[in-house]
Each structure stands twice: as C-alpha cells, then as structure tokens.
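Biologist: I have not looked at this one before. Can you walk me through it?
Modeller: Yes, ask as you go.

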Amino acid sequence: RKVPGVARDTAASSIQSAAVIGAGTMGAGIAIVFADAGIPVRIVDTDAGVLEKALARITTTCAGSVKRGRITEAAMKSCLKLIEGSTDIADIKDADIVIEAVFEDLGLKKEVLAKLDEICKPGAILATNTSTLDVNEIAAVTNRAEQVIGTHFFSPANIMRLVEIVRGAETSAQTIATVMAMARRLKKVGVLVGTCDGFVGNRMYHHYTRQAHFLLEEGALPSQVDKVIYDFGFAMGPFAVGDVAGLDVSWRIRQRRAETRPADERYSPIADRLCEMGRFGQKTRAGWYAYEDGSRAPIADAVVEDVILGVSKELGFDRRAIDNDEIQERCLYTLINEGAKILDEGLALRSSDIDVIWIYGYGFPAHRGGPMFHADRIGLGVVRDTLRRLTEAHGDLFAPSPLLARLAGEGKVFGDL
C-alpha cells in the first residue's frame, strides 16, 4: 500500500456510487463486489437480454452464498437492493467511478471510454478492467487521462481477492490514492502496477505457460506437467487452469498478439488447434482434458495426445522422456526471470508486490512466499546458473535478466532492492 509519490496525506475521493459497463460474467461479478461493500452500483448493457441474464446470475450467485453460509438472507437482500440494471449508458452520468468490463478489444474499449468521458460528471474516475491492453492508449481518447486507471479484477471477481491497479502515464496521485482506498473498502488486495502487455501477472503467466506448451512439443503430456506443478504446491497445473478459465479467452489474446509476433519467435500451435476443434475447456466439456457431464474432474484424452504428437512431428521434434525436474525448472525459473525483468523496468514497485499478485491471483503456494521470495530463498546464484544451463540447452528465452545476473553476482537477493 506504500506508493512512492502518493503520500499518506494525498486526498482520496469518496466513492459513494459506481457503475459497470458490460453485463458479462466479469461485469456481474464486479457489481456484486460493490454492492457487497455497501456501494450502490448500476450495471449497464445495451442488450436487454444479456442484462436480464446478468441480473438473474447475480441473484443466483448471492443465493448460493446464502446456501453455503457465507452471507445471511438479510445481507443478500441488502446487496441486491443496491444493484440496478439499465440499457441506457446515460444513466451512469452521476457515478463516482465507472468501470468498463466489455469484450477485450482495444477498439471497443476506446469507444466506450470516449463515450464515458462525454457522459460522466467532472471528477468521476474512468476505470478499465482490461487484463492485457495498454491503459495509456485507452486513456488517450478522453479529456481526463489523469482520472483514467486500470482495475484488473480477477475472475470470478466476487471471489478472487486480487485487483491489479494499473496506472497510466498521466494517472494522478489522487486517482491512485482513491482506487487503492476503494480496493480496501471492497475487501480486495490492490497492487499498483505499470502498464504493458499483460501488466505484471499475465505477462509472467504468458512466459510460464509458454514453457509448459513447449514441453508438450518435446515429449511431455498435460497430465505430467500439471502433476509437477501441483506437487510444487499450486492448486492446479497450467493446463487444468486453462480449462477452468476457458481456452478461447487466451486464444483471442494470442490472435491479437500474432500481428506483432516476430516471424522467428518460437510459437506452439497446440492450444490453437484445440480451440479450432471447439475445445474451450470445462464449459464445452473438452479442452486439454475431457469432462463427463456434471463433473469437473479432468480425464486424459487421446484426442489431445494425437494433436500433441501431430504437432511434434510437424515441427520436427524427436519426442523424448522429460523428467519432472526439467518441467519445474523451465516453468518456474522462467517465471522468476520475467519477474526480474518487470522489476528492472519499474512496472512493479517491489519484489513483494509481485509475490502478492502471484499468491492472490494465480495460486502460487503461499508457504513458498511467492516466486520472487522463493528465488531469494533458494539463492539467486542457483537461479542464474540454472537459467544459463537452460539457455545452452534451449536458447536465449532463458537468458538471465540483467538485474537477476547483477544481484546474483553481488550475492544479493530481490528483497535487498
């Protein structure tokens, strides 16, 4: 919560009302979060049918919380009274903060922010729930860039505690202070980060999962990789997580990134092939694994293995036995290395912020303290030397970051920063 440049006495604006644009799963979850904190919230969607389904979903979600004993019947009624739906975006003109939660498309988000800038009262904070897009580009379409900020809630928003609070180049200290204070009121763990593709958490996650995909091409199978990560302490491995989140979500992000991906950059097409087959995870009962009706238990699927073997052959890999140590090193050390690059670029204020993001947002085993603390504990010299060995075997993707190499050479750790 300590942010350089944002003093303790920086006046945080009072958030007395909120609005959410977009009545999808994320928008509905964010609306519940505000109402649960006692803040009136209006959820807006131009599609009346989508809005009606969202409001019904909100009621069902709250009823489920009552059934599980998380809240009382009275608390549910109080929460629902604070949520209103509308198909007219003009109805949010008096809100203190408006969070757009529309489809992850830069053009669409810019269109929405420009409209909000026209409608919302002076002083209102305009927030974007983007998980990967450039907050500066989104803010540039408004006349109040100092009041634009990213609020990357994690799904499901009403359950997950992490919010990456993404500052743009012009985001004011008051806006940061206001949203950090709001996160506490919403009972969320707010972590301030800078803007880049994927911010802190998803940028690191991309490198972590990319190695998992490369391991499949070279000889591993999803169940082996997932078991290694599970045994390390995660609740689920990367492939099981993908099936829960929906493979189509990351597919859309990869399609966007394809426009700028260097032609010589190694890229695994396995996940794309599964998506082209309509395998989007648990919601289609088929993704990296198969699922029986009414069950979330993953079942190894011969169809997926055939796709993996086909891609290996297509790319010219002679499949080999991959041991568990290699899986753990390639997935976790590349995660640590990317975290070091993020620190060096100033996109995270301190290594412990990265650890908080990974524990609360990605299920990194808390008893290991987060990826950067874990690296400090095993020694940065060990991490550096392992990355150098992996670089010799697998290429420059594993080259130790300058910051990691420097700290290791000086006998220091990330915590010393």
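Biologist: How many helices and strands does the protein have?
Modeller: The secondary structure comes to 17 helices and eight strands. Helices (H or I, at least four residues) and strands (E, at least two) are DSSP runs, numbered from the N terminus. This is a predicted model, where local features need pLDDT of at least 70, side-chain atom pairs count only at pLDDT 80 or more, and totals for chains, interfaces and linings use all residues. Residues are numbered from 1 along each chain as its sequence is written, and side-chain values use heavy atoms, with hydrogens and water left out.

Biologist: What is the radius of gyration?
Modeller: The radius of gyration is 22 Å, close to the 22 Å that the globule rule gives for 417 residues, so the protein is as compact as a globular protein of that length. The radius is taken over C-alpha atoms, and the rule is 2.2 Å times the number of residues to the power 0.38. Along the principal axes, the C-alpha atoms fill a box of roughly 60 × 55 × 45 Å.

Biologist: And what share of the residues is buried?
Modeller: Buried residues make up 51% of the 417. Buried means under 20% relative accessible area, exposed over 50%, partly exposed in between (1.4 Å probe, protein chains only).

Biologist: Let's pick a helix. What does helix 6 look like?
Modeller: Helix 6 covers residues 173–185, which is 13 residues, and reaches 18 Å from its first C-alpha to its last. That is close to the 18 Å expected at 1.5 Å a residue; the expected span is 1.5 Å times one less than the number of residues. After helix 6 comes Lys 187, with a positive phi near 65 degrees.

Biologist: Which residues of helix 6 are buried, and what covers them?
Modeller: The buried ones are Thr 175, Ile 176, Ala 177, Thr 178, Val 179, Met 180, Met 182 and Ala 183. Their cover includes helix 1 (25–36), strand 5 (125–128) and strand 8 (189–193).

Biologist: Strand 5, then. Is Thr 128 buried or exposed?
Modeller: Thr 128, in strand 5, counts as buried because its relative accessibility is 0%. Leaving aside neighbours within four places in sequence, its contacts (heavy atoms within 4.5 Å) include Glu 100, Lys 109, Ile 149 and His 152.

Biologist: Change of topic: what is the volume of the second largest pocket?
Modeller: About 480 Å³. A pocket, on a 1 Å grid over the protein atoms alone, is an open set of points where a 1.4 Å probe fits, with protein on both sides within 12 Å along at least five of seven lines; lining residues have an atom within 4 Å of a point. The volume is the space filled by probe spheres set on the points, which are joined across faces, edges and corners.

Biologist: Which of its lining residues are closest to the centre?
Modeller: Of the 21 that line the second largest pocket, Ile 32, Asp 36, Ile 71, Asn 158 and Ile 159 are the closest to its centre. Helix 1 gives the largest share of the lining, four residues.

Biologist: Where is Cys 79?
Modeller: Cys 79 is in helix 3 and is buried, with a relative accessible area of 5%. Not counting residues up to four places away in sequence, Cys 79 touches Ile 32, Ala 35, Asp 36 and Cys 62.

Biologist: Last one: is Asp 396 buried or exposed?
Modeller: Asp 396 counts as exposed, at 67% relative accessibility. Its place is the loop between helix 16 (380–394) and helix 17 (402–409).
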